[in-house]
Amino acid sequence: MNSGYQESYQKNEHPKEINLREYFEVLKRRFWIIILVAMIISAAGYFYNYYSALTNTSLYQTSTRMIFGSDTEDMNTLMVMIKDPIIMELVREELQLTRTTDTIASQIEVSRIDDSQVVQISVIDEHAKTAADIANATAASFKSEIADILGFTEVQLLSEAKENPMPINETQSSSIGIISVVLGVIMGIGLAFLLDSMDDKVRKQRELEEVLGVPVIGIVANMNKKKYITEASNRKEARGRGESAAIKDNAYNE
């Protein structure tokens, strides 16, 4: 009879449903693990950023713009000439730089703005002022020499390069710190659920029913020592008040 009842119970058993309260209880029970893992990963990201800042050099970028009165066919040739060794040598001499012309050229990027006649000269350097000086000197040298080299005079400077005090590689360090915090929380939550799945303790009525294969009829509430003493004291006081009231009633009747 018991086996038939058990089979009937298993057939009528409802499928498991996602219980958000159980998930919350897991997070609450292992909250210290999540905090600990998040702190460890965040600290690792902080020290990585700290030592990266000590070993890596900050880089600054700025740009200047020129407009060419030229057809599309000549634009590519003019853009290539901006980084020509002749122009780079003039820039090196004007700024009295000790680096080679190839090094200066590698710091420069020439681009065309939206297929227009506007050309942008961007420079990256370890010093913000040097980056601005190289950009402005390159544009000025190109404008003065391109007429002698190619006989092209339709060059106009639109804007000078300004010093940019914000390093371009600082944003990457900030993003690493944020990513480390988020990653630490995610890994902490994952570890909490992993440990909970490996825990063999029975905490819920549903888990007990799955282990025993029979329905749970009743549950005995958990009572700690302090709570038991408090309730016993309350019952004792209640009995004392009841006995005192009975004695007074007897005395009154007599």
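Biologist: Why does Asp 125 count as buried in this predicted model?
Modeller: Its relative accessibility is 5%. Buried means under 20%, so Asp 125 counts as buried.

Biologist: What makes Asp 125 and Arg 99 a salt bridge?
Modeller: Their side chains meet at 2.6 Å, N to O. The cut-off is 4 Å, so the pair qualifies. Asp 125 sits in strand 3, Arg 99 in the loop between helix 5 and helix 6. They are 26 residues apart, and the pair links distant parts of the chain.

Biologist: Why is Arg 99 called partly exposed?
Modeller: Arg 99 has a relative accessible area of 24%. Partly exposed lies between the 20% and 50% limits, so the term fits Arg 99.

Biologist: How many salt bridges does the structure hold?
Modeller: Three. One of them joins Arg 92 and Glu 89 at 2.9 Å, N to O. Both lie in helix 5, three residues apart, about one turn of the helix.

Biologist: Where do Asp 133 and Lys 129 lie?
Modeller: In helix 7, four residues apart. Their side chains also meet in a salt bridge, at 2.9 Å, N to O.

Biologist: Why is Lys 129 called partly exposed?
Modeller: Its relative accessibility is 49%. Exposed means over 50%, so Lys 129 stays partly exposed.

Biologist: What makes Phe 47 fit for a surface patch?
Modeller: Phe 47 has a relative accessible area of 46%. Patch residues need over 30%, so that value passes. Phe 47 lies in helix 3. With Tyr 46, Tyr 50 and Tyr 51, Phe 47 forms a nonpolar patch of about 490 Å² of accessible area together.

Key: Residues numbered from 1 in each chain as written. Predicted model: local features only at pLDDT ≥ 70, side-chain atom pairs only at ≥ 80, totals over all residues. Heavy atoms only, no water. Patch = residues over 30% accessible without salt bridge, like charges linked within 9 Å, V, L, I, M, F, W, Y side chains within 5 Å. Areas by Shrake-Rupley, 256 points an atom, 1.4 Å probe, with all protein chains shown as cover. Helix = DSSP H or I, 4+ residues; strand = E, 2+ residues; numbered from the N terminus. Buried < 20%, exposed > 50% of the residue type's maximum accessible area, 1.4 Å probe, protein only.
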